[in-house]
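Me: I have a structure open and I'd like to learn how to read it. Could you take me through it feature by feature?

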Amino acid sequence: MLIEQPHETTQPPPRSWLLGMRRGATGHCPNCGAAPAFAGYLRVVANCASCGHELGAYRADDAPPYFTIFAVGHIIVPLMLLLEKSQAPAMWIHMAVWLPATLVLSLALLRPIKGAVLGVMWATDTDTKATP
């Protein structure tokens, strides 16, 4: 007489979102950390060259620009207010300093933030297929 054993399903180990964020923020595949996740400045590769993970399916959309604006605003505005209170420079000095600083900081942070968002999406196993 055969006794059927309950069929055990093995779950993959949980993914660490901190690990995914770190790998993504450095521009690497959140799954393996070996190959680049970007093909250009912001375009995500379709598949990882090292592990084959489908990175192109993750749709970060508006989250990275929103988080970038949030971060840049929290850096630039206090510095601007500090300069205004301590030195009270002319308006043209503010424009000459803060407009380029905002632009450079935004461009510098956008890619790492997008990579970190991809890492969180990978770690949380976000459904990448858009429903019609």
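Me: Let's start with Arg 15: what is its relative accessible area, and how is that read?
Reply: This is a predicted model, so take every value here as computed from it. The idea is to sort residues by relative accessible area: under 20% is buried, over 50% is exposed, and anything in between is partly exposed. Arg 15 has a value of 32%, so it lands in the partly exposed class.

Me: Which side chain does Arg 15 meet in a salt bridge?
Reply: For a salt bridge, you look for a side-chain nitrogen of Lys or Arg within 4 Å of a carboxyl oxygen of Asp or Glu. Here the partner of Arg 15 is Asp 125, at 4.0 Å from N to O. The two sit in distant parts of the chain, 110 residues apart: Arg 15 is in the segment before helix H1 (17-25), and Asp 125 is in the segment after H3. Asp 125 has a relative accessibility of 55%, so it counts as exposed.

Me: How many salt bridges does the structure hold?
Reply: There are two. Besides the Arg 15 pair, Arg 59 and Asp 61 bring their side chains together at 3.3 Å, N to O. Arg 59 is exposed, because its relative accessibility is 54%.

Me: What about the phi of Asp 61?
Reply: The general idea first: most residues other than glycine have a negative phi. Asp 61 has a positive one, near 50 degrees, and it isn't a glycine. You'll find Asp 61 in the loop between H1 and H2. Ala 88 is another non-glycine with a positive phi, about 50 degrees. Look for Ala 88 in the loop between H2 and H3. With 52% relative accessible area, Ala 88 is exposed.

Me: You keep naming helices. How many helices and strands does the protein have?
Reply: The secondary structure comes to three helices and zero strands. Reading from the N terminus, the order is simply α-α-α.

Me: How do I describe the way H2 and H3 pack?
Reply: Two packed helices are described by the angle between their axes and the distance between the axes. In this model, the axes of H2 (residues 63-87) and H3 (residues 91-123) come within 8 Å and cross at roughly 150 degrees. Angles over 145 degrees count as roughly antiparallel, so that is the label for H2 and H3. As for handedness, H2 passes H3 in a right-handed crossing. The residues of this contact divide into 18 nonpolar, four polar and two charged.

Me: Where does H3 come up against the early part of the chain?
Reply: A handy trick is to pick residues separated in sequence and check their C-alpha distance. Val 120 and Gly 20 are 100 residues apart along the chain, but their C-alpha atoms are separated by 5.9 Å. Val 120 belongs to helix H3, and at 29% relative accessible area it is partly exposed. Ser 16 is 104 residues from Val 120 in sequence, with 8.5 Å between the C-alpha atoms. Ser 16 lies in the segment before H1 and is partly exposed at 35%. You can add Leu 19, which is in helix H1: its C-alpha is 9.5 Å from that of Ala 116, 97 residues away along the chain. Leu 19 is partly exposed too, at 24%.

Me: How many disulfides does a search of the whole structure find?
Reply: Zero. The test is whether two cysteine sulfur atoms lie within 2.5 Å of each other. For Cys 29, the closest cysteine sulfur is that of Cys 48, at 3.6 Å, which is too far for a bond. Cys 51 also has Cys 48 as its closest cysteine by sulfur, again at 3.6 Å and too far for a bond.

Me: And are Cys 29 and Cys 51 buried or partly exposed?
Reply: Use the accessibility classes again. Cys 29 has 0% relative accessibility, so it is buried. Cys 51 comes out at 35%, which means partly exposed.

Me: Last one: what share of the protein do buried residues make up?
Reply: Buried residues make up 26% of the 132 residues. Cys 29, at 0%, counts as one of the buried ones.

Conventions
Residues numbered from 1 in each chain as written. Predicted model: local features only at pLDDT ≥ 70, side-chain atom pairs only at ≥ 80, totals over all residues. Heavy atoms only, no water. Axes fitted to C-alpha atoms, helices over the stretch in contact; angles between N-to-C directions. Helix = DSSP H or I, 4+ residues; strand = E, 2+ residues; numbered from the N terminus. Parallel < 35°, antiparallel > 145°, perpendicular 65-115°, else oblique. Left-handed = near helix turned anticlockwise from the far one by under 90°. Nonpolar A, V, L, I, M, F, W, Y, C, P; charged D, E, K, R; others polar. Buried < 20%, exposed > 50% of the residue type's maximum accessible area, 1.4 Å probe, protein only.
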